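These are my notes from looking through one structure. I wrote down each thing as I looked it up.

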Amino acid sequence: MLDLPFVLTWARMRWIWIDKFVEFESGRHAVAVKNVTLAEEHLHDHFPGFPIMPECLMIEAMAQTAGILVGEARGFREKVVLAKIGKAVFFDFVRPGDSLRIDAQIATISPEAASTSGKITRGDQLIAEIDLMFSHIDRNLAGKKFPDENFVFTGTFTSLLRDIALNHPRPAGQEMESG
Amino acid sequence: MDRDEIFQKVQAVLVDALGVDDDEVTSDATLMGDLGAESIDFLDIVFRLEKSFGIKVPREELFPAESLLNNAELVSNGKLTAQGLAELRQRVPHTDLSGFEKNPDISKLADLFTVNAIVTYIDGRLNAA
């Protein structure tokens, strides 16, 4: 379970590409929602007259969802960095007005790294399957030194956890609701 | 499980982890030089081997030289330090390191990691005893 005061310790800005978490089971799985809007300027160019969400930004949405899941599993002590896209398969276009459900599972987690598997859905329809690996970078990369401060988990991403954290603590036995 | 079966499962793991074709994964192929593995791929391979064979695979056992690379005391500016070289000699006692010692650039360690080394390790784990 998430500790709200602990989570709110981070107060600096970071680029956020998902809207909120609707499920969060520590160390196991998380589900986030991303609502796509024509107010996103890149959709005007991608493509003129035919706005569709770039696939790389679906990977970004999965990376944020799975990355926060992996970070939380170690109490946000590790600097968690996307290290590898093992798989990214896309089944349909995503258009303005779509609401995406980004479902990430931790497949394996070790002191040095984690692998996740995930799928993106729109309603009942499968949009993408994306498997990622994250590195806990202080434990890798040939002795390179990084700043002591955790520059990965710094910002308002904690607000993404508002529904999860604010509902805490839950009555015993009550499952988290989705949506 | 005999060595051929182990090889086939290892081959499947490497095809998935590295995005290579199965005919590239020969017994004497080197992971970094021939198959293009980078450091994060070693962890990916470990994770996949654990799932595929249902055993715990400590990375420093499977890749005894590779784990040196993540130790700041043993690596400096992309080369093994004197301490790192001593550690390496201890971990791979049967490997001729005389050429490597002249220029202990860590990228040259690549040749120590082969498909066959993985198969031998798994074979030892499954069929020892």
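The entries below go from chain B as a whole to its parts, and then to chain A.

**Entry 1: the model**
I noted at the start that this is a predicted model.

**Entry 2: chain B as a whole**
I looked up the secondary structure of chain B and found six helices and two strands. Read from the N terminus on, the elements run α-α-α-β-β-α-α-α.

I then looked up the extent of chain B. Its C-alpha trace spans about 40 × 35 × 25 Å along the principal axes. For 129 residues, a compact globule would have a radius of gyration near 14 Å, and chain B has 15 Å, so the value agrees with that rule.

How much of chain B is buried? I wrote down 33% of the 129 residues. I also looked up the contacts in chain B between residues at least 6 apart in sequence, and 57% of these join residues at least 24 apart.

**Entry 3: two domains in chain B**
The domain assignment splits chain B into domain 1 (1-62 + 113-129) and domain 2 (64-112). Taken over C-alpha atoms, the centres of domain 1 and domain 2 of chain B are 21 Å apart.

How many residues of each domain are in contact with the other? Nine residues of domain 1 of chain B are in contact with seven residues of domain 2 of chain B. On the domain 1 side, the elements that give two or more residues are helix 2 (39-53) and helix 3 (59-62) of chain B. Helix 3 of chain B gives the largest share of that side, three residues. By class, I noted three nonpolar, three polar and three charged residues on the domain 1 side.

**Entry 4: helix 1 of chain B**
I checked the length of helix 1 (residues 3-18) of chain B. At 1.5 Å a residue, its 16 residues should span 22 Å, and the end C-alpha atoms are 22 Å apart, so the two agree.

Which residues of helix 1 of chain B are buried? They are Ile6(B), Val10(B), Gln11(B), Val13(B), Leu14(B) and Ala17(B). Seen down the axis of helix 1 of chain B, these buried residues fall within an arc of 165 degrees, so they line one face of the helix. The buried residues of helix 1 pack against helix 2 and helix 6 (115-127) of chain B. On the face turned away from the buried side, helix 1 of chain B carries the exposed residues Asp4(B) and Glu5(B).

Just after helix 1 of chain B comes Gly19(B), with a positive phi of about 65 degrees.

**Entry 5: helix 2 of chain B**
I made the length check again for helix 2 of chain B. Its 15 residues should span 21 Å at 1.5 Å a residue, and its end C-alpha atoms are 22 Å apart, which agrees.

The buried residues of helix 2 of chain B include Ile40(B), Phe42(B), Leu43(B) and Ile45(B). Asp41(B), Asp44(B) and Arg48(B) are also among them. Just after helix 2 of chain B, Gly54(B) takes a positive phi of about 65 degrees.

**Entry 6: where chain B meets chain A**
I looked up the contact between the two chains, and it takes eleven residues from chain B and 13 residues from chain A. Helix 2 of chain B gives the largest share of the chain B side, five residues. The chain B side divides into seven nonpolar residues, three polar and one charged.

**Entry 7: backbone angles**
I noted the background for this entry: most residues other than glycine have a negative phi, and most peptide bonds are trans.

Which peptide bond is cis, with omega near 0 degrees? The bond from His46(A) to Phe47(A) is. Phe47(A) lies in the loop between helix 2 (42-45) and helix 3 (55-73) of chain A.

Phe76(A) has a positive phi, near 60 degrees, and is not a glycine. I placed Phe76(A) in the loop between helix 3 and strand 3 (80-90) of chain A.

Asn77(B), also a residue other than glycine, has a positive phi near 50 degrees. Asn77(B) lies in the loop between strand 1 (75-76) and strand 2 (79-80) of chain B.

Are Phe76(A) and Asn77(B) buried or exposed? Phe76(A) counts as buried because it has 20 C-beta neighbours inside 10 Å. Asn77(B) counts as exposed because it has 9 C-beta neighbours inside 10 Å.

Technical notes
Residues are numbered from 1 along each chain as its sequence is written. Chains are lettered from A and ligands numbered from 1 in the order in which they are written. This is a predicted model: local features need pLDDT of at least 70, side-chain atom pairs count only at pLDDT 80 or more; totals for chains, interfaces and linings use all residues. Domain bounds come from an automatic or database domain assignment. Helices (H or I, at least four residues) and strands (E, at least two) are DSSP runs, numbered from the N terminus. Ala, Val, Leu, Ile, Met, Phe, Trp, Tyr, Cys and Pro count as nonpolar, Asp, Glu, Lys and Arg as charged, and the others, Gly among them, as polar. A residue is buried if 20 or more other C-beta atoms lie within 10 Å of its own, exposed if 12 or fewer, and partly exposed in between; C-beta atoms are placed from the backbone. The expected span of a helix is 1.5 Å times one less than its number of residues. The arc is that of the directions from the helix axis to the C-beta atoms. The radius of gyration is taken over C-alpha atoms; the globule rule is 2.2 Å times the number of residues to the power 0.38.
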